[in-house]
Amino acid sequence: MDCDLLVENASIVDGTGRPAFRGGLAVRDGRILDVHQEGRERGWTAGHTLDASGLTVAPGFIDVHSHAEFLLPLDQHPELLACMLEQGVTTIVGGNCGFSPAPLVAGSPHRDLLAQALEFISSQPLDMSWSDTGSFMDLLERRGLSLNLALLVGHGTMRWSLLGPDYAYPGPAGIAELERILDESFQEGAFGLSLGLGYEPGMFVDMRELEDLARAVRRRDGILTVHLKALSRLSPAYGIGLFGQPHNIRALKEMLGLADRTGVRLQISHLIFAGRRSWSTCDRALELIERAASKGVDVAFDAFPYPCGNTTIRIAFPAWFLKDFENNLARPAAVFRLRLEWELMKRLIGFGMDDMRLLWGGCPEMERYDGRLFSDIGRDMGRSAESAYLEVARASRGRATCLLYTYSADASDETALLKVLAHPLNLFETDAIISPKGAANPAAVGTFPRVIQRCHKELGLMSLEDAVARMTGASARRVGLADRGTVEPGRWADLTLFDYDQIRDNTTDEDTRRPPSGIRYVFVNGRLAVENGRAVPGLRAGRVLRRRSG
C-alpha cells in the first residue's frame, strides 16, 4: 500500500490562485504525498479511495479571525465546534480582539477579573488551569482538539493578568515585563499579538505602550492584529465630538501610523462601517489602506460576509461609563447622560438599539429573550429598546452578548460591504462567538460557503480560485502558518471537498443555526472529519500549530 487515502476524479482548486484542474491526490501519514492532473495518475495503491466525481477539492478553509479557541479546553468542544468543520474550516486563528486564553501571569491576583471578562466569549466559566501560552498549548495537545489552532497573544488578557484594572501607562519597568511575557509566548509558539482597542482595557491604553509592543512584535517578525478603537463615524471610545474627522477614520489612521513608525505587519480586524451614516467612510478607509500599502506599510484586513456581527453588550457604553460600569448603571445621572449620548449617536450614525439582537442573556432571568431584537424585548418589558438594553446589561452584569446589524450594509444597500469583501487585501473570517447557549451568529455556521455562493457565484466579485486562495493559502501566508493552506505535495492534508452547484449558506434571521449545503467531506491532517456534510462525532484530529514548527 503506497498511501492511506487516494482522491480521484476531482476538480482541484489548490489555494495558490492558479486555475482549477482535473485530477487527484494521494495522502500518507497525514500529509499530501502527490497531486496529479487527470491522465497523469501514478497508479497508487491506497487503504481508501474516494471517487470525487462532481466535487471540488480545496485546502481546508482557515478562519483567520476566530474566537473558538476558548471552547477547545472543554470536553464537549468537538460537538460545539462541529459547525466550523461542517462549513469546511480546518484551522482557526485564535486570540483576537485583545483576548486570548493565555498567557496568565503565575500567581496573578487578577484571575477573577479575567475569568469574568473572558466568560462572554466562552459563555461558561473556564477552569483556567493553565498559566503561560505554552502550558495552554500543552493542555490542548494532551486532551486533543477537533481542528487546528494557531494562537495570538491577547493584549487585554496579558495586561489584565499583569496589571489588573490599572490603565495608566506602566512605565519602563511595566513595559519591560509585558515585553518579557510577549517574548516568552512567541518562543512557546504564538504567532503574534492582538489589540482590542474598542474594549477594555485596550481603549484606555496609552499610544506609547502600543508602540513599544508593536516594536517587540516586529522584532519577532510576528503579526499585529487590531480591532480598531472605532468602527463608526462617531464612537463612544472617543467621546461625543461633532466636528473633525470621523472617529473610525481617526482610529484607522492611528494604527496605520503605528505600523509605519514601527514596521510591524498590521492586520486590521473585521473592517466594518457600523451604522448607516458610517458607510460613506468606506472609500476613504480603503484609500488610506491602499496609500499606506503603496508606501511600504505591510497592511491587510479581514471581513465576514454578513451585515451583522457579535460582540459583548458592553460595546454600546462609552469609555467614561465603563470605568465604573456597575455603579454607573445604578446612578440616575450617569444613565441620563448615557441616554442623551445614545440618542445623539442614533441620529448621527444611523444605528440604535432597535438594530441589535440579544444572542445570550448572560443570566437565567434574561435568557428567555435570547435571539430577539431589543425592540421586541422592550415591548415585552413595557419599555423602550434602550431601557431593555440597560436592564439586560444590569441583570447580566455586562456578560450578555449581542448581534449588531447595519455593519457596512442592510437589506437595501450592500455597497460598502461588497467593496470590502471584493478588495484584494481582504481575507475572510467568522469573528464568531460560538456557544450552546442562546442564538447563533450566522457566521459561525455559513461564512465560507457564503463567500463562494454570494461573493463568487451570485455577484461575481472574484473568481473561485481567488475566493479559495483568500480563504486558504493567502491566509496561511499572512499569519505565518507553515505547510498549510495549499493542495501541494508535502503540505498537511487539510482538505475540504464541496459540490460547486450545491454549496450555499442556509442561515436566516429566524434560524441562524441552519447548516450549509454542499460541503461533502472535510479532512483534518489526513483524517476524515466530515462525511456527507456532518462532523464525525468526537473526532480529535486537529493539532496545535506552533510558530515555525508547522
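These legends go with a set of close-up views of a predicted protein model.

**Figure 1. The whole protein, before zooming in.**
This predicted model packs 18 helices and 22 strands into one protein. Its radius of gyration is 23 Å, close to the 24 Å that the globule rule gives for 550 residues, so the protein is as compact as a globular protein of that length. Run the principal axes through the C-alpha trace and you get spans of about 80 × 50 × 50 Å. Of the 550 residues, 63% count as buried. Take the contacts with a separation of 6 or more, and 75% of them join residues 24 or more positions apart. On the outside there is about 19,700 Å² of accessible surface, with 47% of that belonging to carbon and sulfur atoms. As for charge, there are 63 positive and 70 negative ones, and their mean positions sit 4 Å apart.

**Figure 2. The largest nonpolar core, seen around Tyr389.**
The largest nonpolar core takes in 160 residues, and Phe317, Phe374 and Tyr389 have the most contacts inside it. A second, separate core has 19 residues, among them Ile12, Ile32, Val35 and Leu50. Back to tyrosine 389: leaving out residues up to four places away in sequence, it touches Ile313, Ile315, Ala316, Phe317, Trp342, Met353, Met356, Phe374 and Cys402. So which residues should you look for in this view besides Tyr389 as those with the most contacts inside the core? They are Phe317 and Phe374, and both also appear among the residues that tyrosine 389 touches.

**Figure 3. Alanine 385 in helix α14.**
Here we look at alanine 385, part of helix α14, which covers residues 385-396. Alanine 385 is buried, with a relative accessible area of 11%. Setting aside neighbours within four places in sequence, the residues in contact with alanine 385 are Met353, Asp354, Phe374 and Ser375. Two of these, Met353 and Phe374, are touched by tyrosine 389 as well. Don't expect to fit proline 172 into a close-up on alanine 385: the two are 213 residues apart in sequence and 46 Å apart in space, C-alpha to C-alpha.

**Figure 4. Histidine 36 in strand β3.**
Histidine 36 belongs to strand β3, residues 31-37. Is its side of the story buried or exposed? Histidine 36 is buried, with a relative accessible area of 6%. Not counting residues up to four places away in sequence, histidine 36 touches Leu6, Phe21, Arg22, Gly23, Gly24, Leu25 and Glu41. Alanine 26 is ten residues away along the chain, and its C-alpha atom is separated from that of histidine 36 by 8.7 Å.

**Figure 5. Helix α5 and the glycine that follows.**
Helix α5 runs over residues 155-163 and is mostly covered, with seven of its nine residues buried. Those buried residues are His155, Gly156, Thr157, Met158, Arg159, Trp160 and Ser161. Just after α5 comes glycine 164, with a positive phi of about 65°.

**Figure 6. Aspartate 138 in helix α4.**
Aspartate 138 is found in helix α4, which spans residues 133-143. It is partly exposed, at 32% relative accessible area. Glutamate 188 is 50 residues from aspartate 138 in sequence, and the C-alpha to C-alpha distance between them is 9.9 Å.

**Figure 7. Two cis peptide bonds ahead of prolines.**
The peptide bond from alanine 102 to proline 103 is cis, and its omega is near 10°. Proline 103 sits in the loop between β7 (89-94) and α3 (111-122). The bond from glutamate 200 to proline 201 is cis too, with omega near -5°. Look for proline 201 in the loop between β10 (192-196) and α7 (207-219).

**Figure 8. Positive phi at cysteine 97 and asparagine 525.**
Cysteine 97 has phi near 60°, a positive value in a residue other than glycine. Cysteine 97 lies in the loop between β7 and α3, the loop that also holds proline 103. With a relative accessible area of 4%, cysteine 97 is buried. Asparagine 525 is another residue other than glycine with a positive phi, here near 50°. Its place is the loop between β19 (519-524) and β20 (527-531). Asparagine 525 is buried as well, at 8% relative accessible area.

Note on methods. Residues are numbered from 1 along each chain as its sequence is written. This is a predicted model: local features need pLDDT of at least 70, side-chain atom pairs count only at pLDDT 80 or more; totals for chains, interfaces and linings use all residues. Side-chain values use heavy atoms; hydrogens and water are left out. Helices (H or I, at least four residues) and strands (E, at least two) are DSSP runs, numbered from the N terminus. The radius of gyration is taken over C-alpha atoms; the globule rule is 2.2 Å times the number of residues to the power 0.38. Buried means under 20% relative accessible area, exposed over 50%, partly exposed in between (1.4 Å probe, protein chains only). Contact means heavy atoms within 4.5 Å. Accessible areas come from the Shrake-Rupley method with a 1.4 Å probe; for residues, only the protein chains shown count as cover. Lys and Arg count as positive and Asp and Glu as negative; His and the chain ends are not counted. The place of a charge is taken as NZ of Lys, CZ of Arg, CG of Asp or CD of Glu. A nonpolar core is a set of buried Ala, Val, Leu, Ile, Met, Phe, Trp, Tyr and Cys residues joined through side-chain atoms within 4.5 Å.
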